[in-house]
Amino acid sequence: MAMVLGVMFCEARAETYTQFTNGAVTEHFAWRDTSGNLINAHDGGILWADGKYRWYGLALRPLPAVNGPDGGQKTTVGVVMYSSTDLYNWSYDGVVLACSDKPGDPLYAPMRFERPKILYNAKTKQYVMWFHYVGYPGDHKNTLGAGEAGVAVSGSINGPYTYKGFTRPIDEKGIVRDSSVFQDDDGSAYFIYDRDVREKGPGFGRVLHIVKLTDDYLGFTDKWYKIENAVAREAPVMIKRKGVYYLVTSAETGWKDNAANYYRASNIFGPYTELPNPTSGPYADVTYHSQGTWAFEVHGHPDEVIFLAERHITERMTDCSYILLPVRFGPDSTLSLPYLTAWKWKPWPR
Ligand code: GAL
């Protein structure tokens with residue numbers, strides 16, 4: 001009997017999905033992989049590689065988000081990967097960038113590869129992953145090693161990725177907070193980050209910056225741009241459509257949800273015009289209880305962009321859930337993110 005129940009239990013958990021399920025705005029839909037386990041790939045991204053969609057992110061712990069070695073917002077595993085052919089059903093492919101269990105190692109856990117983002121470099125045929133590196137014990141601090149841009153590389157999407165170290169773009173005065181990457185149509189790529197300068201004087205404060213990466217994507221060039229009007233904004237998500245750059249951001253309230261906004265430019269290095277919250281309706285003031293993570297084009301449909309956001313639950317970080325929304329572009333180069341409780345991707349008009 002117990003065995004029968006056990007089997008039934010397993011079967012009930014390993015569901016087959018036929019659509020994106022965001023649930024009500026106040027819900028936390030528990031999305032499971034094809035083995036029935038909760039998808040544990042936080043604040044990462046989705047890309048198409050080698051004939052499949054790949055979803056990667058930080059493997060968190062079922063613990064509250066607190067400072068110190070026991071915080072659930074840190075990882076003791078690393079960055080993990082899932083794959084899917086339909087965007088709804090994801091199978092777990094394992095750890096692609098692993099933490100270390102050796103004290104003194106830069107990847108000694110718990111630590112953070114926060115907001116990891118992967119780009120494919122067609123010239124070098126390498127996958128390059130950038131993240132906000134926070135060394136052991138993974139608490140955000142201002143000291144060197146606790147607020148950095150970390151990079152790892154692999155010849156295969158599924159890794160293993162080799163950690164290449166961390167650095168601070170522009171100069172060491174600028175502590176790295178939230179970060180992301182963006183790949184332009186010409187193959188050039190950019191690191192986008194919340195640069196936090198604590199030292200009084202030039203550059204003081206927290207402002208989003210965009211730094212051009214080297215051709216191999218593994219380092220920074222001296223070409224960068226400060227988005228002067230993106231003060232105290234984070235969770236940057238860059239989208240480009242028809243020559244227009246849209247940068248969706250959140251306010252800075254830690255894990256607590258707040259109102260998104262976006263910036264628009266016709267050049268990656270600005271100037272950027274600030275525009276209002278792209279979400280609307282109930283709970284738009286808290287971005288549908290979420291914070292942006294990434295946006296990606298549907299394979300073969302470059303005009304179809306899907307926005308990935310995360311609903312943080314600080315009481316137990318593995319309960320943070322994901323929402324996916326269609327990105328709508330208006331005729332006057334506006335961008336909006338309508339809320340849908342459940343939806344299937346299909347070409348516009350739907
Ligand atoms: C958020 C940020 C996250 C994480 C968190 C920590 O605002 O977007 O990436 O850093 O704060 O409190």
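Ala, Val, Leu, Ile, Met, Phe, Trp, Tyr, Cys and Pro count as nonpolar here, Asp, Glu, Lys and Arg as charged, and the others, Gly among them, as polar. With those classes in hand, please keep in mind that the model shown in these close-ups is predicted.

**Figure 1. The residues around the ligand.** Eight names make up this view: Glu114, Arg115, His140, Asp178, Glu234, Gly254, Trp255 and Gln291. Sorted by class, this shell has four charged residues, three polar ones and one nonpolar one. As for the site itself, the ligand occupies the second largest pocket.

**Figure 2. Polar side chains that meet the ligand's oxygen atoms.** Let us take three members of the shell in turn. Glu234 places a polar side-chain atom 2.2 Å from an oxygen atom of the ligand. For Arg115, a polar side-chain atom is found 2.8 Å from a ligand oxygen. Glu114 takes part as well, with an N or O atom of its side chain 2.9 Å from an oxygen atom of the ligand. How much of the ligand's accessible area does the protein cover? On its own the ligand has 310 Å² of accessible area, and the protein covers 88% of it.

**Figure 3. Ser84 and its partners.** Look for Ser84 in strand β4, which runs over residues 78-84. Is Ser84 buried or exposed? Its relative accessible area is 3%, so Ser84 is buried, the cut-off for that label being under 20%. The Ser84 side chain has two contacts to look for in this view. One is a polar contact of 3.0 Å with the side chain of Asp86. The other takes the side chain of Ser84 to the backbone oxygen of Asn89, at 2.8 Å.

**Figure 4. Gly155 in its loop.** Here the focus moves to the loop between β8 (148-154) and β9 (162-167), where Gly155 is located. Gly155 has a relative accessibility of 53% and therefore counts as exposed, since that label applies over 50%. To relate this view to the previous one, use Asp86 as a landmark: Gly155 and Asp86 are separated by 69 residues in sequence and by 24 Å in space, C-alpha to C-alpha.

**Figure 5. Arg195 and its contact with Asp171.** Arg195 belongs to strand β11, residues 189-197. With a relative accessible area of 7%, Arg195 is buried. Which residue does the side chain of Arg195 join through a polar contact? The partner is Asp171, whose side chain makes a polar contact of 3.1 Å with that of Arg195.

How values were computed
Residues numbered from 1 in each chain as written. Predicted model: local features only at pLDDT ≥ 70, side-chain atom pairs only at ≥ 80, totals over all residues. Heavy atoms only, no water. Near = heavy atom within 4 Å. Polar contact = N/O pair within 3.5 Å; in protein donor to acceptor, adjacent residues only side chain to side chain. Areas by Shrake-Rupley, 256 points an atom, 1.4 Å probe, with all protein chains shown as cover. 1 Å grid on protein atoms, 1.4 Å probe; cavity = no way out; pocket = protein on both sides within 12 Å on 5 of 7 lines; lining within 4 Å. Sits in = over half its atoms within 2 Å of the grid points. Helix = DSSP H or I, 4+ residues; strand = E, 2+ residues; numbered from the N terminus. Buried < 20%, exposed > 50% of the residue type's maximum accessible area, 1.4 Å probe, protein only.
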